[in-house]
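Subject: Structure handover and notes

Hello,

Here is the structure I said I would pass on. My notes on it follow below.

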Amino acid sequence: MADESQVAEQEPQVEEPEKPFKVEIVVRRYSSETDSEPYWQSFTVDMFSTNRILDALHQIKWEQDTSLAFRRSCAHGVCGSDAMRINGRNRLACKTLIKDLDITKPVYVEAIKGLPLERDLIVDMDPFFEAFKEVQPFLQASDKPEKERIQSIEDRAVFDDTTKCILCAACTTSCPVFWTDGQYFGPAAIVNAHRFIFDSRDEAADTRLDILNDKEGVWRCRTTFNCTEACPRGIEVTKAIAEVKQAVLRGRP
């Protein structure tokens, strides 16, 4: 018969559950009704390493300050509504894990730049969507097929990357040109134009290229790669803009 020490060795080791730890979240607050200027407010929350910044904001709103305002919807990186600046970088709050941040220091959260600030972490998205609409981001074709328009795998691959855009505005509001020039279309609008300019089924590429050849179009891009680094979907935004520039000069391949 096995002695007690042998039985103990055979028993599986049970890991202790992770204990919560304190994280300081510093939020840039603003209300047009009560504040003349934005200000920073600090909150301390109990977090786990697998929590996200969105979880921290929820905890603040639900348990500490119900007046905190921010946008969110799907919480899975698809809707793009919770784009904000976290420690100086544009990110989605629902995709930014606490464990990926240096929590030995306060975590700073503020609204994305370049768009009118409405309240706390909420900006007016109308200028962003106006630029998006101006590039005519929809398929334009004269034929009326009885079934779907067939497209080869190779033709689809040409613009596949830019179909991933979720219109979160993270790329556009990371662009220094957009911050200083209120008329620039911005990376997101150009990405969505790219998606149709290079679609072999579309017939309005020349129209969009004329629009983007404007002084506030693709030529305002300074190739800083901020937009590519900010994109939560991994779109090669700067590359797409460069391809549109080439199409303006040489026409669509």
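Which residues lie nearest the centre of the largest cavity? They are Cys165, Cys168, Cys171, Cys231 and Ile235, out of 16 residues that line it. Please keep in mind that this is a predicted model.

Cavities

The search of the whole structure gave 2 cavities of 30 Å³ or more. The largest cavity holds about 100 Å³ of space. Its lining is made up of 14 nonpolar and 2 charged residues, with no polar ones.

The second largest cavity has a volume of about 80 Å³. It is lined by 14 residues, and Cys175, Cys221, Thr223, Thr224 and Cys227 are the closest to its centre. Two helices, H5 (176-180) and H8 (226-230), are the elements that give two or more residues to this lining. By class, the lining of the second largest cavity has 8 nonpolar residues, 5 polar and 1 charged.

Cysteines

With several cysteines named above, the next thing to check was disulfides. The count is 0. Cysteine 165 has its closest cysteine sulfur in cysteine 171, at 6.2 Å, and is therefore too far away for a bond, given that a disulfide needs the two sulfur atoms within 2.5 Å. For cysteine 168, the nearest cysteine sulfur belongs to cysteine 231 and is 6.4 Å away, and cysteine 168 is in no disulfide.

Are these two cysteines buried or exposed? Cysteine 168 has a relative accessible area of 7%, so it counts as buried, the limit being under 20%. Cysteine 165, at 22%, counts as partly exposed.

Backbone

Two residues other than glycine are worth a look for their positive phi. Asparagine 87 has a phi near 50 degrees. It sits in the loop that runs between strand S3 (83-86) and strand S4 (89-92), and with a relative accessible area of 33% asparagine 87 is partly exposed.

Threonine 223 has a phi near 55 degrees, again a positive value in a residue other than glycine. This threonine has come up already, as one of the residues closest to the centre of the second largest cavity. Threonine 223 lies in the loop between helix H7 (205-212) and H8. Its relative accessible area is 39%, so threonine 223 is classed as partly exposed.

Salt bridges

Side chains of opposite charge can pair when their charged atoms come close. How many salt bridges are there in this model? The count comes to 14.

One of them joins glutamate 118 and arginine 71, with 3.9 Å from N to O. This pair links distant parts of the chain, 47 residues apart: glutamate 118 is in strand S6 (residues 117-119), while arginine 71 is in the loop between helix H2 (53-63) and S3. The 3.9 Å separation falls within the 4 Å limit, so the pair counts as a salt bridge. Glutamate 118 is partly exposed at 36% relative accessible area, and arginine 71 is partly exposed at 32%.

Aspartate 161 forms another with lysine 164, where the closest N and O atoms are 3.3 Å apart. Aspartate 161 is partly exposed, with a relative accessible area of 23%. Lysine 164 also counts as partly exposed, at 32%.

Glutamate 216 and arginine 220 form a salt bridge too, their closest N and O atoms being 3.3 Å apart. Here glutamate 216 counts as buried, at 14% relative accessibility, whereas arginine 220 is partly exposed at 21%. The 20% limit lies between these two values, so the partners fall into separate classes.

There is also a network of salt bridges, which links Arg29, Asp65 and Asp120.

Tryptophan 62

The last item concerns a residue of helix H2, tryptophan 62. Its relative accessible area is 62%, over the 50% limit, so tryptophan 62 is classed as exposed. Between tryptophan 62 and valine 191 the C-alpha to C-alpha distance is 37 Å, and the two are 129 residues apart in sequence.

Regards

Note on methods: Residues numbered from 1 in each chain as written. Predicted model: local features only at pLDDT ≥ 70, side-chain atom pairs only at ≥ 80, totals over all residues. Heavy atoms only, no water. 1 Å grid on protein atoms, 1.4 Å probe; cavity = no way out; pocket = protein on both sides within 12 Å on 5 of 7 lines; lining within 4 Å. Points joined across faces, edges and corners; volume = space filled by probe spheres on them. Nonpolar A, V, L, I, M, F, W, Y, C, P; charged D, E, K, R; others polar. Helix = DSSP H or I, 4+ residues; strand = E, 2+ residues; numbered from the N terminus. Buried < 20%, exposed > 50% of the residue type's maximum accessible area, 1.4 Å probe, protein only. Salt bridge = Lys/Arg side-chain N within 4 Å of Asp/Glu carboxyl O.
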